[in-house]
Amino acid sequence: MSTPEDNRYAKSHEYVHPDGDIGTIGITDYAQKELGDVVFVELPQVGAELEAGDELGSIESVKAVSELFSPVSGTVTEVNDALTEKPDLINTDPWGDGWMVRIKLKDPTEVDELMTAEEYDEYLEKESGH
Amino acid sequence: MADDSLKKTPLNQLEKDLGGSMVDFGGWELPVLYDGILKEHDAVRTSAGIFDVSHMGEITVRGPQALDLLQMATSNDVSKLDDGRAHYTGLLYPSGGFVDDILIYRMAADDYFLVVNASNTDKDFEWLQQAAAGLDVELKNVSPEYAQLAIQGPLAERILQPFVDTSLAAIKYYRFASTSACGAAAIVSRTGYTGEDGFEVYLAPEQAPHLMKSLVDAGAKPCGLGARDTLRLEAKMALYGNDIDETTTPLEADLGWIVKLDKGDFTGRDVLAKQAADGPRRKLVGFEMIDRGIARHGYPIVTDGEETGVVTSGTHSPSLKKAIGLAYLPLDESAHGTEIRVLIRGKETLARVVPTPFYKRAR
């Protein structure tokens with residue numbers, strides 16, 4: 001699966017898909033593969049205010065628990081309720097139906113500080129030591 | 001993720017070829033999964049899976065006083081074994097705590113084969129050697145001479161049968177045969193760590209890849225450590241280092257059935273006799289989560305803000321489709337139905353003590 005170019009990426013493997021002043025956040029295909037079968041996601045409530053780098057929630061796979069961090073600052077406007085019943089959407093469609101939250105961006109230029117798809121791919125190469 | 005500092009089993013290359021995601025497991029490079037823990041777990045519950053457990057240690061105990069040594073060093077009654085029979089037992093400290101939890105196979109009245117946890121092999125061997133001082137018994141750490149494969153699941157017998165020269169149907173639970181597999185000498189026992197029917201096969205390292213490959217080709221799904229953990233936890237089988245260790249006794253760990261106080265003296269007996277009479281102050285119990293969340297090893301159990309217990313194992317149970325775990329609790333909080341609170345990342349999360357095992361196969 002190639003890394004979508006219309007997203008921006010954090011080193012902790014979350015992506016933001018910006019659309020005006022709304023950012024949709026999920027985890028990357030690499031991250032879901034590393035985690036394995038996702039069985040439970042804990043997400044913030046609508047209205048929660050987050051700063052970039054704040055804990056966004058946690059994601060439990062059969063293997064382990066991982067923390068999620070918000071790559072951007074803003075207010076949560078929507079949470080993907082489908083993940084309650086089908087957390088495996090994160091495994092099967094990380095870029096699409098496996099999204100986690102939508103955030104009203106406090107500062108849309110914050111997104112520009114994150115990695116581009118190309119930069120993220122390079123980052124992955126380095127991280128996995130190829 | 002090749003790492004040359006890690007020990008490798010004879011199946012290492014085959015596992016990589018089969019697509020295993022390799023991890024460092026106590027200094028061994030082993031697959032945590034191949035194509036997903038849930039799928040591998042399900043294969044073992046419904047058909048058959050194959051695990052490389054060659055990292056496990058093997059120790060032979062031979063000589064006229066082999067039985068005396070094992071009776072003194074372990075909590076189960078070794079005199080009850082006959083040739084071709086194995087049992088699960090505790091190798092104990094004088095405190096009653098576990099040096100290790102092990103299997104003892106009786107090959108002959110003066111010849112025993114011990115299977116021990118990989119990371120405890122050297123410790124167990126030294127402990128047994130000390131205990132053997134003055135006894136006419138010969139101990140050998142034969143771990144490098146054996147690979148071990150576990151084939152587990154309702155189809156295990158059918159899949160394994162063509163490759164071994166003995167009738168598997170004739171091997172009852174916790175019995176074994178010294179036979180051959182793919183033409184090479186092997187010990188085959190009806191044992192396992194999954195709560196499912198199945199076999200464990202001990203054979204020479206150089207023979208192991210051929211047998212594993214044959215079993216995979218015959219339909220056994222390669223399984224990693226991840227599924228091994230969810231399977232054993234559903235069956236409430238203890239994991240040394242998580243659920244039991246040197247600070248926990250078999251009675252606290254709810255393993256009273258491996259403690260035979262009436263067999264005569266053994267190391268740790270005094271402490272266990274007292275615990276049996278007074279009741280242990282804590283007990284290992286199963287719980288399931290009521291609130292959402294998964295309790296993991298080391299998470300505290302709190303009562304009125306005070307830490308009263310600790311989670312030793314916890315996962316999402318693929319068979320039950322809920323979060324389960326094991327925890328040490330004070331005896332008065334350990335009854336089935338008791339609601340407990342697990343501190344998950346700072347949040348008190350409700351769970352309930354339930355009967356175990358969580359999963360029991362239909363027989």
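Helices (H or I, at least four residues) and strands (E, at least two) are DSSP runs, numbered from the N terminus. The model is predicted: local features need pLDDT of at least 70, side-chain atom pairs count only at pLDDT 80 or more, and totals for chains, interfaces and linings use all residues. Residues are numbered from 1 along each chain as its sequence is written, while chains are lettered from A and ligands numbered from 1 in the order in which they are written.

Chain B contains 8 helices and 20 strands. Its C-alpha trace spans about 60 × 50 × 45 Å along the principal axes. The radius of gyration of chain B, 20 Å, agrees with the value near 21 Å for a compact globule of 363 residues; this radius is taken over C-alpha atoms, and the globule rule is 2.2 Å times the number of residues to the power 0.38. Buried residues account for 48% of the 363 residues in chain B. A residue is buried with 20 or more other C-beta atoms within 10 Å of its own, exposed with 12 or fewer, and partly exposed in between, with C-beta atoms placed from the backbone.

Two residues other than glycine in chain B have a positive phi.

| Residue | Phi | Other C-beta atoms within 10 Å | Exposure |
|---|---|---|---|
| B:Asp254 | near 65° | 19 atoms | partly exposed |
| B:Asp304 | about 50° | 6 atoms | exposed |

B:Asp254 lies in the loop between helix H7 (225–234) and helix H8 (269–278) of chain B, and B:Asp304 in the loop between strand S16 (300–303) and strand S17 (306–317). B:Thr356 and B:Pro357 are joined by a cis peptide bond, with omega about 0°; B:Pro357 belongs to the segment after strand S20 (347–354).
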